[in-house]
Amino acid sequence: MTSVLNVDTIADKAGTGPVGLTKQHAAKHHVNYDAAAGATDASFNQSSLTDQRTGEFLSNYTNAFTGAQAKTCVMSVSNSSDNGSSNVAGTTRAGCTAGMGSLTGSTEYLAASASAIQFYTAYNSNSSNNGGLHDFDNSFCVSFGDLA
């Protein structure tokens with residue numbers, strides 16, 4: 001037998017606040033940045049985004065985390081610079097990647113922070129092509145952890 005639960009609001013026992021997540025963690029920040037167009041397509045808990053250079057970005061949190069190391073961040077990228085009409089890093093470039101920090105060098109790398117996350121997007125290298133930073137049209141960053 002199937003059941004349907006239709007509600008408008010779920011509140012705590014007192015009815016005055018949200019319910020607590022038990023042994024779960026919700027995302028506390030996310031951004032979908034269209035680096036090819038220089039525009040944020042969607043975000044949550046982001047006060048601003050700085051496009052530092054080709055393929056490197058700094059997302060500033062509206063509400064900071066409890067500490068620089070008190071968060072887990074996941075980055076991803078869509079292999080396109082034209083909303084999926086064609087891929088950028090096909091078999092000749094061995095795909096694409098995204099990560100935390102900077103690939104430019106130690107002078108550009110920012111220390112871990114409770115108030116921001118630096119991330120990059122790039123296409124990979126293979127035996128006949130160098131990899132390199134690239135502005136893709138869907139660059140994703142999601143952060144989990146406790147807010148201050």
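This is a walk through the fold, core and surface of one protein chain. The model is predicted.

Start with the fold. The chain has 9 strands and 0 helices. Read along the sequence, the pattern is β-β-β-β-β-β-β-β-β. Residues 24 or more positions apart supply 61% of the contacts with a separation of 6 or more. Of the 148 residues, 30% are buried.

Now go inside. The largest nonpolar core holds 12 residues. Aromatic members include Tyr33, Phe57, Tyr61, Phe65 and Phe119. Val31, Ala35, Leu49, Cys73, Met75, Ile117 and Cys141 belong to it as well. Four strands each supply at least two residues of this core: S1 (27–34), S4 (56–61), S5 (71–78) and S7 (116–123).

Take Phe57 as a vantage point. Beyond its neighbours within four places in sequence, Phe57 is in contact with the core residues Tyr33, Ala35, Leu49, Ile117 and Phe119. Its contacts also include Thr50, Asp51, Gln52, Gln118, Thr121, Asp135 and Ser139.

Next, a backbone detail. Asn45 lies in the loop between strand S2 (39–44) and strand S3 (46–53). Asn45 is not a glycine, yet its phi is positive, about 60°. Asn45 counts as buried because its relative accessible area is 10%, under the 20% cut-off.

Finish on the surface. The chain exposes about 8,700 Å², and carbon and sulfur atoms supply 50% of that area. Leu5, Val7, Ile10 and Val19 form a nonpolar patch there, with about 410 Å² of accessible area together. Ile10 lies in the segment before S1. Its relative accessible area is 57%, over the 50% cut-off, so Ile10 is exposed.

Conventions: Residues are numbered from 1 along each chain as its sequence is written. This is a predicted model: local features need pLDDT of at least 70, side-chain atom pairs count only at pLDDT 80 or more; totals for chains, interfaces and linings use all residues. Side-chain values use heavy atoms; hydrogens and water are left out. A nonpolar core is a set of buried Ala, Val, Leu, Ile, Met, Phe, Trp, Tyr and Cys residues joined through side-chain atoms within 4.5 Å. Buried means under 20% relative accessible area, exposed over 50%, partly exposed in between (1.4 Å probe, protein chains only). Contact means heavy atoms within 4.5 Å. Patches are made of residues with over 30% relative accessible area and no salt bridge: like charges are joined within 9 Å, nonpolar side chains (Val, Leu, Ile, Met, Phe, Trp, Tyr) within 5 Å. Accessible areas come from the Shrake-Rupley method with a 1.4 Å probe; for residues, only the protein chains shown count as cover. A salt bridge is a side-chain nitrogen of Lys or Arg within 4 Å of a carboxyl oxygen of Asp or Glu.
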